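Work through the exercises below with the structure open beside you, and try each task before reading its solution.

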Amino acid sequence: MKLIVRVASPKRAFVYPIPPAPPTAVLAPWFRSQGAVRVFARGWGHEAAAYRPAAVAATWDQFDCLPALAFPLTHAVIVLACPGDALLTLQQRRRLWNMFRVPIFEQIVRKNGTLLAAECEAHCGLHIEWPDLDPAGWAVDPAPCGCGRKAPRLKPALEAEEIAAAAAP
Ligand SMILES: [Zn+2]
């Protein structure tokens, strides 16, 4: 008789937009903690607050109901979306800016932490990081990016300049 052991696919580490990562609280349970990046799988709470992160990565729904923080974030907010989700709207980006006053980065990830597309410091779309990503529903811009990378970018409906302005006015 064979014993079959099912091993869940291992979670990946969160990829911080501009390494090295500062103390970062990740509120989605899809990643494993590594270095300064800590995963708080139950979302925001005493443990995450006690860590006093410089950056927070979470889904839009998590940010939308995050309580006012007792300390300022100093580095970034990273909004995590799943394949099929709409990209952030300008209104959502403005709301995040008003809440945190730090640059906003958006990432598309699988629920095992695999990074599929990520916004760079040019804030001009999300570079496709996973060649098999199905871009259905998004516009794809093959032009080189202001950051120097050539990986094609997913673009939301609004103009890139508006996003850059809302990410770091
Ligand atoms: Zn870029």
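**Exercise 1: from strand to strand**

In this predicted model, the residue of E7 that serves as bridge partner of Ile 78 is Phe 105. Starting from this pair, work out how E6 and E7 are paired and how the chain passes from E6 to E7.

*Solution.* Begin with the pairing: E6 and E7 run in the parallel sense and are joined over five bridges. Next, follow the chain, which leaves E6, passes through H3 and arrives at E7, a β-α-β crossover that is right-handed. Then turn to E5, which pairs with E6 in the parallel sense, again over five bridges, and in this pairing Ala 57 stands opposite Ile 78.

**Exercise 2: the whole sheet**

Determine in which order the nine strands of the open sheet are arranged, and which strands stand at its edges.

*Solution.* Reading across the sheet gives the order E4-E2-E5-E6-E7-E8-E9-E11-E10, with mixed pairing. Strand E4 (37-39) and strand E10 (139-141) are the edge strands, and because each has a single partner strand, one side of each is left without a neighbour in the sheet. Neighbouring strands are turned by 30° against each other on average, when direction is ignored. At the E4 edge, the partner is strand E2 (residues 24-26), which pairs with E4 in the parallel sense over three bridges; within this pairing, Val 26 has Val 39 as its bridge partner.

**Exercise 3: the nonpolar core**

Find which residues have the most contacts inside the largest nonpolar core, and which strand gives the most to this core.

*Solution.* The largest nonpolar core holds 38 residues, and the most contacts inside it belong to Val 26, Leu 27, Ala 57, Val 77, Ile 78 and Ala 117. Among the elements that each supply at least two residues are E2, E4, strand E5 (55-59), strand E6 (76-81) and helix H3 (90-100). The greatest contribution is that of E6, with five residues. Five of the six residues of E6 are buried, so this strand is largely enclosed by the rest of the structure. As background, nonpolar side chains in soluble globular proteins tend to be buried together.

To see the core from one position, take Ala 57, which touches Phe 14, Thr 24, Val 26, Leu 27, Ile 78 and Leu 80, once residues up to four places away in sequence are left out.

**Exercise 4: the protein as a whole**

State how many helices and strands the protein has, and what share of its residues is buried.

*Solution.* The count is four helices and 11 strands, and buried residues account for 32% of the 169 residues.

Note on methods
Residues numbered from 1 in each chain as written. Predicted model: local features only at pLDDT ≥ 70, side-chain atom pairs only at ≥ 80, totals over all residues. Pairing = 2+ DSSP bridges. Axes fitted to C-alpha atoms, helices over the stretch in contact; angles between N-to-C directions. Core = buried A, V, L, I, M, F, W, Y, C linked by C-beta atoms within 7 Å. Buried ≥ 20, exposed ≤ 12 C-beta atoms within 10 Å, placed from the backbone. Contact = placed C-beta atoms within 7 Å. Right-handed = clockwise from strand over helix to strand, strands pointing away.
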